[in-house]
Amino acid sequence: MDTLDRGTFAADMLFRDAGEENFPRKMPADAWFGFKGGDRFEVEEQSIRLPGEEILTVLRLPDEAVA
């Protein structure tokens, strides 16, 4: 994937000035990954604003998506 999906929480922070999340939130895996069948899984995303125009995002993949 070459661009940030506008449906991610990281995009909300970067483009819509949303606040940081204090906990991970679930979203479709295909918002972050382009692997075949990614639309069947969810990831947990937590994004944190860094200095400047940067966002740090931690993603947790379910075990069945990695196996």
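Author: Contact here means heavy atoms within 4.5 Å of each other. With that cut-off, the packing in this predicted model can be read off. The buried residues of helix H1 (residues 9-16) pack against strand S1 (25-28), strand S2 (42-50) and strand S3 (54-60).

Reader: Which residues of H1 are called buried?

Author: Four residues of H1 carry the label: Phe9, Ala10, Ala11 and Met13. Buried means under 20% relative accessible area.

Reader: Why is Thr8 counted as buried or exposed?

Author: Set the value against the cut-off. Thr8 has 0% relative accessibility. The limit for buried is under 20%, so Thr8 counts as buried. Thr8 sits in the segment before H1.

Reader: What makes the contact between the side chain of Thr8 and Asp5 a polar one?

Author: The distance and the atoms. A polar atom of the Thr8 side chain lies 2.9 Å from the backbone oxygen of Asp5. The cut-off for a pair of N or O atoms is 3.5 Å, and 2.9 Å falls within that cut-off, so the pair qualifies.

Reader: What else is Thr8 in contact with, leaving aside neighbours within four places in sequence?

Author: Met27, Ala31, Trp32 and Glu45. Met27 has its own list, with the same exclusion: Gly7, Thr8, Phe9, Trp32, Phe41, Glu42, Val43 and Glu45.

Reader: What makes up the largest nonpolar core?

Author: Eight residues: Phe9, Ala10, Met27, Ala29, Ala31, Trp32, Phe41 and Val43. Members of a nonpolar core must be buried and joined through side-chain atoms within 4.5 Å. Phe9 and Ala10 are also among the buried residues of H1.

Reader: How do you know that S2 and S3 pair?

Author: Count the bridges. Two strands pair if there are at least two bridges between them. S2 and S3 have seven, in the antiparallel sense, so the requirement is met. One of the bridge partners in S3 is Arg60, opposite Glu44. S2 and S3 form a hairpin with three residues between them. In its turn, Gly52 has a positive phi of about 80°.

Reader: What makes S1 and S3 the edge strands?

Author: The strand order comes before that. The open sheet has three strands in the order S1-S2-S3, with antiparallel pairing. S1 and S3 each pair on one side only, and that makes them the edge strands. From one strand to the next, the twist averages 45°. H1 packs on this sheet, touching S1, S2 and S3. The direction of H1 makes about 30° with that of S2.

Reader: What follows H1?

Author: Asp17, with a positive phi near 55°.

Reader: Why does the radius of gyration of the protein chain agree or disagree with that of a compact globule?

Author: For 67 residues, the globule rule gives a value near 11 Å. The protein chain has 12 Å, so the two agree. The C-alpha atoms fill a box of roughly 35 × 25 × 15 Å along the principal axes. Buried residues make up 25% of the 67.

Reader: What is the order of elements from the N terminus on?

Author: The run is α-β-β-β-α, that is, two helices and three strands.

Conventions:
Residues numbered from 1 in each chain as written. Predicted model: local features only at pLDDT ≥ 70, side-chain atom pairs only at ≥ 80, totals over all residues. Heavy atoms only, no water. Buried < 20%, exposed > 50% of the residue type's maximum accessible area, 1.4 Å probe, protein only. Polar contact = N/O pair within 3.5 Å; in protein donor to acceptor, adjacent residues only side chain to side chain. Axes fitted to C-alpha atoms, helices over the stretch in contact; angles between N-to-C directions. Rg over C-alpha atoms; globule rule 2.2 N^0.38 Å.
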